[in-house]
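Q: Could you take a close look at the aromatic rings in this one for me, and at the charged side chains that go with them? I'd like a plain walk through the contacts.

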Amino acid sequence: MTPSLFHLAAAPQSAPVTDWAARIGWVVGLLVFVAFVYWLMRQGWKWRGTLQGDLPELPATPDDPGAPRLTLSGRYHGSTTAGQWLDRIVAHGLGTRSRVELTLTDQGLDVVRPGAASFFVPAAALRGARLDKGIAGKVLTEGGLLIVTWEHGGKQLDSGFRSDRSAEHAAWVEALTTLSTTPHTTEHTETEGAR
């Protein structure tokens, strides 16, 4: 090596200077941006709930719901407008994911959600069931979700459930389909006969 290179190698190096004010400014700016985006998402959720304000209160479980035909423990993944798997319903807590205990009786479907609003779907409001792979915000393997179609306030809804034991889904589809096609009132029977 030449003497000038030795001189450069031996020269003391200054430590890089950290501009703490600039770093703190960037961190604060990023936190403000994240908070703003979160606020916008929350406002969008509230706005969607306001748009769906015409949906009536959810039915409560009757005093005597009848003997259970099927029970299921699992997860509730949300409700959407029937046939539109991305149009999430958020009114009355239907958009809140939670654990769920389902009980199917001759009177209808009892949906018990610890920590969220529970509701009851009368048998006359059931419109069918199927296995699907997704609902707003949740996509699984084919047949991973039990989708129950029901009517409430003149609007058809799809509600998505996933059992802790997915082998139960087929029995639920069959039982719900059978119950939804069974006439439940005299008025319903007369309407069916008039068609």
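A: Here's a tour of the ring pairs, then the charges over rings, then the salt bridges.

Keep in mind that this is a predicted model. A search of the whole structure turns up four aromatic pairs. Take Phe 36 and Trp 39: the ring centres are 6.2 Å apart and the planes sit at 25°, so this pair is stacked. The cut-off behind that call is planes under 30 degrees apart. Both residues belong to helix α2 (residues 20-51), three residues apart, or about one turn of the helix. Neither ring is buried: Phe 36 is partly exposed at 43% relative accessible area, and Trp 39 is partly exposed too, at 46%.

Now for Tyr 76 and Phe 161. Their ring centres are 5.5 Å apart with the planes at 55°, so this pair counts as tilted. Tyr 76 comes from strand β1 (residues 70-81) and Phe 161 from strand β10 (residues 155-163), so the pair ties together parts that are 85 residues apart in sequence. Both are buried, with Tyr 76 at 0% relative accessible area and Phe 161 at 1%. These two also belong to a cluster: ring pairs link Tyr 76, Phe 119, Trp 150 and Phe 161.

Tyr 76 has a charged partner as well. The charged end of Arg 113 sits over the Tyr 76 ring, 4.4 Å from its centre. There's a similar arrangement at Trp 20, where the charged end of Arg 23 sits over the ring, 5.7 Å from the centre.

On to the salt bridges, which come to six. One of them joins Glu 151 and Arg 127, with N to O at 3.0 Å. That bridge links distant parts of the chain, as Glu 151 is in strand β9 (residues 145-152) and Arg 127 is in strand β6 (residues 126-132), 24 residues apart. Both ends are partly exposed, Glu 151 at 26% relative accessibility and Arg 127 at 36%.

Another bridge pairs Arg 165 with Glu 168, the closest N and O atoms being 2.9 Å apart. Here the two ends fall into separate classes: Arg 165 is partly exposed at 49%, whereas Glu 168 is buried at 19%. Salt bridges with shared partners also join Arg 130, Asp 132 and Asp 158 into one network. Within that network, Arg 130 and Asp 132 have their closest N and O atoms 3.4 Å apart. Arg 130 is partly exposed at 32%, and so is Asp 132, at 22%.

Conventions
Residues are numbered from 1 along each chain as its sequence is written. This is a predicted model: local features need pLDDT of at least 70, side-chain atom pairs count only at pLDDT 80 or more; totals for chains, interfaces and linings use all residues. Side-chain values use heavy atoms; hydrogens and water are left out. Rings of Phe, Tyr and Trp (its six-membered ring) pair if their centres lie within 6.5 Å; planes under 30 degrees apart count as stacked, over 60 as edge-to-face and the rest as tilted. Helices (H or I, at least four residues) and strands (E, at least two) are DSSP runs, numbered from the N terminus. Buried means under 20% relative accessible area, exposed over 50%, partly exposed in between (1.4 Å probe, protein chains only). A charge sits over a ring if NZ of Lys or CZ of Arg is within 6 Å of the ring centre and within 35 degrees of the ring normal. A salt bridge is a side-chain nitrogen of Lys or Arg within 4 Å of a carboxyl oxygen of Asp or Glu.
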